[in-house]
Amino acid sequence: MAFASICWSTGGLIARLVVTTPWTTSLWRSLFASLFLVLVLSIVRRRGIVAQWREGGRPMLAVAVCMALASTCFIFSLAHTSVANTLILISTGPYVAGLLGWLMLGERVAPRTWATMAVALAGAVVMVSDSYGRGAIVGDLLAIVMAVSFATATVLVRSRPEIPMAPAAALATTLTALVALPFSEPLRTAPRDLALLAVFGVGNYGAGFLLFMAGARLIPAAQSALVGMLETVLGPLWVWLVLNERPGAATLVGGSLILAALLANTLLERRSPRGAV
């Protein structure tokens, strides 16, 4: 889980280092991730990827569409707001999943989770209010759309546990690449950028996802969420160290509220693992 978070935390830095358009970045990242995941899954499962997709049927397609939307919004969010804002707003995803699980599946939400949702919402409002004045509101809203999209995919998987996540991720990256292709400029990508985008797709997305899937099976969900917070902390740190991109005051205040809410809820959940979400 820690290595998965480290892989994912590099996304903001790579997106800042390349000079390709967002659509081109999305295309190459998704294409490299798709090829990597398809190769790994075909070898490990000894079955063609198309057969795995057919087995998942329409439920897998619905999950893949949500994940593809989330991936596209991630790239465009980074293009329109700070890395810190993108990653911190995305970190509200577990709360969105909890709310959707309550609405769609009737899952019970513990009072402490409602309280931490309110704190996280307050933090998000602080961050977004500052972004409007800086012209970064579009990026913040795209990060929120990503959080909602990925949370929807999570709830769909909870409602249909038989959906295999790894083939769904491979299908999602394929759909993302197909959507980006008409709007991108792949032949104008410099060799340096192509190498970085290969790392973006294989290392950041593909390897990060496989590491996450492997780790999530071995530790409790609360501990997994706690370790996963490394991405939110490390992502802005890499960009600050390499490119000197510093988060604003509102990001620090709102982000602190969100991270504190996540940390408190996760620690309380670890103490009562059999309680409600």
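This tour of a predicted model goes through three helix contacts made with helix H10, then a pocket and a cavity.

**Stop 1: H10 and H1**

Select helix H10, residues 191-216, and keep it displayed for the next stops. Add helix H1, residues 2-9. The axes of H1 and H10 come within 8 Å and cross at roughly 160°. An angle over 145 degrees counts as roughly antiparallel, so H1 is roughly antiparallel to H10. The crossing of H1 past H10 is left-handed.

Now show side chains. On H1, pick Phe3, Ala4, Cys7 and Trp8; on H10, pick Gly203, Asn204, Tyr205, Gly208, Phe209, Leu211 and Phe212. These residues make the contact between H1 and H10. By class, the contact of H1 with H10 has eight nonpolar residues, three polar and no charged ones.

**Stop 2: H10 and H9**

Hide H1 and select helix H9, residues 165-180. Here the axes of H9 and H10 come within 11 Å, and the crossing angle is roughly 165°. That angle makes H9 roughly antiparallel to H10. H9 passes H10 in a right-handed crossing, whereas the crossing of H1 past H10 is left-handed.

For the contact itself, select Met165, Ala166, Ala169 and Thr173 in H9, which meet Tyr205, Phe209 and Met213 in H10. Six of the residues in the contact of H9 with H10 are nonpolar, one is polar and none is charged. Leave Tyr205 and Phe209 coloured: they take part in the contact with H9 and also in the contact with H1.

**Stop 3: H10 and H4**

Replace H9 with helix H4, residues 49-80. H4 and H10 pack at an angle of about 135°, with their axes 15 Å apart. The two helices are therefore oblique to each other. The crossing of H4 past H10 is right-handed.

The H4 side of the contact consists of Met67, Ser71, Phe74 and Ile75. On H10, select Phe200, Tyr205 and Phe209. Tyr205 and Phe209 thus appear again, having been listed in the contacts with H1 and with H9. The contact of H4 with H10 contains six nonpolar residues, one polar and no charged ones.

**Stop 4: the second largest pocket**

Leave H10 and turn to the second largest pocket, which holds about 310 Å³ of space. To centre the view, select Thr92, Tyr95, Val96, Met117 and Leu121, the closest to the pocket centre of the 15 residues that line the pocket.

Next, display helix H6 (93-105), helix H7 (111-134) and helix H8 (137-159), the elements that give two or more residues to this lining. Which of the elements supplies the largest share of the lining? H7 does, with six residues. The lining of this pocket divides into 14 nonpolar residues, one polar and no charged.

**Stop 5: the cavity**

How many cavities of 30 Å³ or more are counted? The count is one. The largest cavity contains about 30 Å³ of space.

To find it, select Val83, Ala84, Pro236, Val239, Glu245, Arg246 and Pro247, which line the largest cavity. Then show helix H5 (83-90) and helix H11 (221-243), each of which supplies at least two residues of this lining. The lining of the largest cavity has five nonpolar, no polar and two charged residues. Among the lining residues, colour Glu245 and Arg246 to see the charged ones.

Methods: Residues numbered from 1 in each chain as written. Predicted model: local features only at pLDDT ≥ 70, side-chain atom pairs only at ≥ 80, totals over all residues. Heavy atoms only, no water. Axes fitted to C-alpha atoms, helices over the stretch in contact; angles between N-to-C directions. Helix = DSSP H or I, 4+ residues; strand = E, 2+ residues; numbered from the N terminus. Parallel < 35°, antiparallel > 145°, perpendicular 65-115°, else oblique. Left-handed = near helix turned anticlockwise from the far one by under 90°. Contact = heavy atoms within 4.5 Å. Nonpolar A, V, L, I, M, F, W, Y, C, P; charged D, E, K, R; others polar. 1 Å grid on protein atoms, 1.4 Å probe; cavity = no way out; pocket = protein on both sides within 12 Å on 5 of 7 lines; lining within 4 Å. Points joined across faces, edges and corners; volume = space filled by probe spheres on them.
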